[in-house]
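Colleague: I have the structure open and would like to go through it with you. Shall we start?

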Amino acid sequence: MCSELIQENINIENIIDKIKADINASNLSVTEQYLLTPYYKRCIDEYSNYSKIVLVGAGNYGRRLYEMLELEHIEKSVVSFADNSSLRQGTMWNGLRSISVNEAVKEFPDAYYVITPKDYGVEIFRQLLGMGIMPDKITIFNFANSGMID
């Protein structure tokens, strides 16, 4: 009985590996591979129009969005992470430094700002407006609407 279960697990693993290989060998887009939503696709299309993007939020959500931008081949537009937390400021991730939001606005006044934390999005939006960033240069990325698993 035990050996049958072990054999069954091995077969399931082989099947999963085969499915993954088939997906990787296909010409499916990232959106199709990850079953992402039209909202996600609209965001990626929008972000691809900008040569400088600041990801506001250097935590898990900011990093996850950066990884998706890599898969979409538009990560080179990301010039920095920005975060209000002093614990994240000064850190590096994937060759990008995390700076304060104030520093980001001074250094990249013409960038497009993508707010990634699931909490405090409206507050960060207002903060950026108060620092002189125009509303059409700010967006809040909503993970719940993207299809990216939270």
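Modeller: This is a predicted model. Begin with Lys 41, which is partly exposed, with a relative accessible area of 38%.

Colleague: Which residue does the side chain of Lys 41 meet in a salt bridge?

Modeller: Side chains of opposite charge can pair when their charged atoms come close. The partner of Lys 41 lies with it in helix α3 (residues 38-47), four residues apart, about one turn of the helix. The N to O distance is 3.1 Å, and the partner is Asp 45.

Colleague: Is Asp 45 buried, partly exposed or exposed?

Modeller: Buried means under 20% relative accessible area, and exposed means over 50%. Asp 45 has 36% relative accessibility, so Asp 45 counts as partly exposed.

Colleague: Now Asp 83 and Arg 88, whose side chains also meet in a salt bridge. What is the N to O distance there?

Modeller: The two ends have their own settings. Asp 83 counts as buried, at 8% relative accessibility. Arg 88 counts as partly exposed, at 36%. Their side chains meet at an N to O distance of 3.8 Å.

Colleague: Which residue of helix α5 meets Arg 97 in a salt bridge that links distant parts of the chain?

Modeller: The N to O distance of this pair is 2.5 Å. Arg 97 sits in strand β4 (residues 96-99), and its partner in helix α5 is 10 residues apart from it. Arg 97 is partly exposed, with a relative accessible area of 31%. The partner counts as partly exposed at 39% relative accessibility, and it is Glu 107.

Colleague: Which residue joins Arg 97 and Glu 107 in a network of salt bridges?

Modeller: The structure holds six salt bridges. The network links Arg 97 and Glu 107 with one further residue, Glu 103.

Colleague: On to helix α6 (residues 121-130). Why do its buried residues line one face of the helix?

Modeller: The buried residues of α6 are Gly 121, Ile 124 and Leu 128. An α-helix has 3.6 residues a turn, so residues three or four places apart point the same way. Seen down the axis of α6, the buried residues line one face because they fall within an arc of 65°.

Colleague: Which residues are exposed on the other side of α6?

Modeller: The buried residues of α6 pack against β1 (53-56), α5 (101-107), β5 (112-115) and β6 (138-140). On the other side, the exposed residues are Arg 126 and Gly 130.

Colleague: Which residue just after α6 takes a positive phi?

Modeller: Look just past the end of the helix. The phi there is about 100°, and the residue is Gly 132.

Colleague: In β5, which residues point the other way from Tyr 112 and Val 114?

Modeller: In a regular strand the side chains alternate between the two faces of the sheet. Tyr 112 and Val 114 point one way from β5, and they are buried. The residues pointing the other way are buried too: Tyr 113 and Ile 115.

Colleague: Which residue of β5 is the bridge partner of Ile 53?

Modeller: β1 and β5 run parallel, joined by four bridges. In β5, the partner of Ile 53 is Tyr 112.

Colleague: And which residue of β6 stands opposite Tyr 113?

Modeller: β5 and β6 run parallel, with three bridges between them. Opposite Tyr 113 in β6 stands Ile 138.

Colleague: Is the β-α-β unit of β5, α6 and β6 right-handed or left-handed?

Modeller: Follow the path from β5 over α6 to β6. With the strands pointing away from the viewer, a clockwise path is the right-handed case. The unit made by β5, α6 and β6 is right-handed.

Key. Residues are numbered from 1 along each chain as its sequence is written. This is a predicted model: local features need pLDDT of at least 70, side-chain atom pairs count only at pLDDT 80 or more; totals for chains, interfaces and linings use all residues. Side-chain values use heavy atoms; hydrogens and water are left out. Buried means under 20% relative accessible area, exposed over 50%, partly exposed in between (1.4 Å probe, protein chains only). Helices (H or I, at least four residues) and strands (E, at least two) are DSSP runs, numbered from the N terminus. The arc is that of the directions from the helix axis to the C-beta atoms. Contact means heavy atoms within 4.5 Å. Two strands pair if DSSP finds at least two bridges between them. A salt bridge is a side-chain nitrogen of Lys or Arg within 4 Å of a carboxyl oxygen of Asp or Glu.
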